[in-house]
Amino acid sequence: YERTSRILEPLAAANPLDAELQRASAFTLTTIGEIQNKLERPSEAPVNHQTALARIEKLREADPADNFTPLAVAYVLNQLSDSQLQLGEYDAALRSLSEGNKILSGLPPATPEDLTEVRMLPGLTYHRLAHVHAQLAKAQSASARAREGHLRESREWARRARDVFTPLTSD
């Protein structure tokens, strides 16, 4: 993927209006970031996720009627939140996931005909929101009331994730 990125990056920079090239570049950068997270190198991943996010955001601005690009933005925000979570940046992860959730909430609901990945994305976002709130509930620096609030939020997001994933298991 890094080799592919070295080829794509100059092409993407030279052709900012080529949507397919921008998507390919963003996908490659996001994948590199995912791999860096899995290799427990989360400090290297945010730059890839943020570069991918900037590319996809430009596509989103250029074609607001496109419902696929907002899904890509929400997906990259999920991946960025994974890096932030691994780095202990819980507030940043919460902001990324909340932004992704806001985007997803503004789209038409997924249908059974949609790709499984599209149908799963809200559930993944909810699952990660539950996880971040659970981590914040453990923070000894927070007041008992704040920890309780995060625990309630974690449970609610976990319930929502389950509501998304359960029907998918019967497909």
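Relative accessible area, found with a 1.4 Å probe on protein chains only, sorts residues into three classes: buried means under 20%, exposed means over 50%, and partly exposed lies in between. The model shown is predicted: local features need pLDDT of at least 70 and side-chain atom pairs count only at pLDDT 80 or more, whereas totals for chains, interfaces and linings use all residues. Residues are numbered from 1 along each chain as its sequence is written, and side-chain values use heavy atoms, with hydrogens and water left out.

**Overall view. The protein holds seven helices and zero strands.** Helices (H or I, at least four residues) and strands (E, at least two) are DSSP runs, numbered from the N terminus. Along the sequence, the pattern reads α-α-α-α-α-α-α. The C-alpha atoms fill a box of roughly 55 × 35 × 30 Å along the principal axes. The radius of gyration is 17 Å, which agrees with the value near 16 Å for a compact globule of 171 residues; it is taken over C-alpha atoms, and the globule rule is 2.2 Å times the number of residues to the power 0.38. Of the 171 residues, 42% are buried. Among contacts (heavy atoms within 4.5 Å) between residues at least 6 apart in sequence, 61% join residues at least 24 apart.

**Close-up of helix H3. Helix H3 comprises 18 residues, from 45 to 62.** From its first C-alpha to its last, helix H3 reaches 26 Å, close to the 26 Å expected at 1.5 Å a residue; the expected span is 1.5 Å times one less than the number of residues. Its buried residues are Ala 45, Pro 46, Asn 48, His 49, Ala 52, Leu 53, Arg 55, Ile 56, Glu 57 and Leu 59. What do the buried residues of H3 pack against? Their partners are helix H1 (2-14), helix H2 (19-38), helix H4 (68-86) and helix H5 (90-105).

**Close-up of two salt bridges within helices. Arg 23 pairs with Glu 20, and Arg 60 pairs with Glu 57.** A salt bridge is a side-chain nitrogen of Lys or Arg within 4 Å of a carboxyl oxygen of Asp or Glu, and the structure holds nine of them. The closest N and O atoms of Arg 23 and Glu 20 are 2.9 Å apart. Both residues lie in helix H2, three residues apart, about one turn of the helix. Arg 23 is partly exposed at 24% relative accessibility, while Glu 20 is exposed at 55%. In helix H3, Arg 60 and Glu 57 meet at 3.5 Å, N to O. Being three residues apart, Arg 60 and Glu 57 are likewise separated by about one helical turn. An α-helix has 3.6 residues a turn, so residues three or four places apart point the same way. Arg 60 is partly exposed, at 27%, whereas Glu 57 is among the buried residues of H3.

**Close-up around Glu 40 and Arg 41. Glu 40 lies in the loop between H2 and H3.** The phi angle of Glu 40 is near 60°, a positive value in a residue other than glycine. Is Glu 40 buried or exposed? Glu 40 is exposed, with a relative accessible area of 68%. Arg 41 forms a salt bridge with Glu 44, at 2.9 Å from N to O. Arg 41 is partly exposed at 31%, and Glu 44 is partly exposed at 35%.

**Close-up of the aromatic pair. Tyr 126 and Trp 157 form a tilted aromatic pair.** Rings of Phe, Tyr and Trp (its six-membered ring) pair if their centres lie within 6.5 Å; planes under 30 degrees apart count as stacked, over 60 as edge-to-face and the rest as tilted. By this rule there is one aromatic pair. Its centres are 5.4 Å apart, with 35° between the planes. Tyr 126 lies in helix H6 (residues 116-138) and Trp 157 in helix H7 (residues 144-169), so the pair ties together parts that are 31 residues apart in sequence. Both Tyr 126 and Trp 157 are buried.

**Close-up of Arg 160. The charged end of Arg 160 sits over the ring of Tyr 126 and over that of Trp 157.** A charge sits over a ring if NZ of Lys or CZ of Arg is within 6 Å of the ring centre and within 35 degrees of the ring normal. The distance to the ring centre is 5.9 Å for Tyr 126 and 4.6 Å for Trp 157. Arg 160 also belongs to a network of salt bridges that links it with Glu 156, Arg 159 and Asp 163.

**Close-up of Arg 95. Arg 95 lies in helix H5.** Arg 95 counts as exposed, at 57% relative accessibility. Arg 95 and Leu 129 are 34 residues apart in sequence and 9.8 Å apart in space, C-alpha to C-alpha.
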